[in-house]
Amino acid sequence: LSALSSQIVDAIFGDNPQERGTIQFGGQTINFVRSLTDVTLTITDDTTGEVTTIVVPTFVDVTP
């Protein structure tokens, strides 16, 4: 899982960041979409079709 998370982080935030992409890993398909305020990960189990969606904020406005 460490290698998978590194691959996802590199694709989203690395030297050549992508706005969207797909990564296949161990019977799962992980799609990501990056916006100005968040990253949405959609994880699909290729066997069952079950889908999990995770939204991670990327920008926090700390202006008073």
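Here a trainee and a mentor talk through a predicted model and the reasons behind its labels.

Trainee: What makes up the secondary structure of the protein chain?

Mentor: The chain has one helix and four strands, and along the sequence they come in the pattern α-β-β-β-β. The C-alpha atoms fill a box of roughly 50 × 25 × 20 Å along the principal axes.

Trainee: How are the four strands ordered and paired in the sheet?

Mentor: The sheet is open, its order is 1-2-3-4, and the pairing is antiparallel.

Trainee: Why do strand 1 and strand 4 stand at the edges?

Mentor: Strand 1 (20-25) and strand 4 (51-57) each have a single partner strand, so one side of each lacks a neighbour in the sheet. From one strand to the next, the twist averages 15 degrees.

Trainee: How do you know that strand 1 and strand 2 pair?

Mentor: Set the count against the rule: a pair needs at least two bridges, and strand 1 and strand 2 (residues 28-34) have six, in the antiparallel sense. Gly21, for instance, has Phe32 in strand 2 as its bridge partner.

Trainee: What joins strand 3 to strand 4?

Mentor: Seven bridges join these antiparallel strands, and the requirement is at least two, so strand 3 and strand 4 count as a pair. Val39 stands opposite Val56 in strand 4. The hairpin of strand 3 and strand 4 has five residues between the strands, and there Gly49 takes a positive phi near 80 degrees.

Trainee: Why is Glu50 called exposed?

Mentor: Exposed means over 50% relative accessible area; Glu50 has 53% relative accessibility, so the label applies. Glu50 lies in the loop between strand 3 and strand 4. Glu50 and Val9 are 41 residues apart in sequence, and their C-alpha atoms are 23 Å apart in space.

Trainee: And why does Thr29 count as buried?

Mentor: The cut-off for buried is under 20%, and Thr29, at 12% relative accessibility, therefore counts as buried. Thr29 has its place in strand 2.

Trainee: Which side chains make polar contacts with the side chain of Thr29?

Mentor: One is the side chain of Gln24, at 2.5 Å, and another is that of Asp46, at 2.8 Å. A polar contact requires N or O atoms within 3.5 Å, and both distances meet that limit. Leaving aside neighbours within four places in sequence, the contacts of Thr29 include Thr22, Ile23, Thr42 and Ile43.

Trainee: Let's turn to the helix. How do you know that the span of helix 1 agrees with what it should be?

Mentor: At 1.5 Å a residue, the 12 residues of helix 1 should span 16 Å, and the end C-alpha atoms are 16 Å apart, so the two values agree.

Trainee: Which residues of helix 1 are buried, and which are exposed on the other side?

Mentor: Leu4, Ile8, Ala11 and Ile12 are the buried residues of helix 1. Seen down the helix axis, the buried residues fall within an arc of 95 degrees, so they line one face. On the other side of helix 1, Ser2, Ala3 and Phe13 are exposed.

Trainee: What covers the buried residues of helix 1?

Mentor: The cover includes strand 1, strand 2 and strand 3. Helix 1 (residues 2-13) lies across those strands, running at about 25 degrees to strand 2.

Trainee: How many residues does the protein chain have, and what percentage counts as buried?

Mentor: The chain has 64 residues, and 19% of them count as buried. Among contacts between residues at least 6 apart in sequence, 8% join residues at least 24 apart.

Conventions:
Residues numbered from 1 in each chain as written. Predicted model: local features only at pLDDT ≥ 70, side-chain atom pairs only at ≥ 80, totals over all residues. Heavy atoms only, no water. Helix = DSSP H or I, 4+ residues; strand = E, 2+ residues; numbered from the N terminus. Axes fitted to C-alpha atoms, helices over the stretch in contact; angles between N-to-C directions. Contact = heavy atoms within 4.5 Å. Buried < 20%, exposed > 50% of the residue type's maximum accessible area, 1.4 Å probe, protein only. Polar contact = N/O pair within 3.5 Å; in protein donor to acceptor, adjacent residues only side chain to side chain. Expected span 1.5 Å × (residues − 1). Arc of directions from axis to C-beta.
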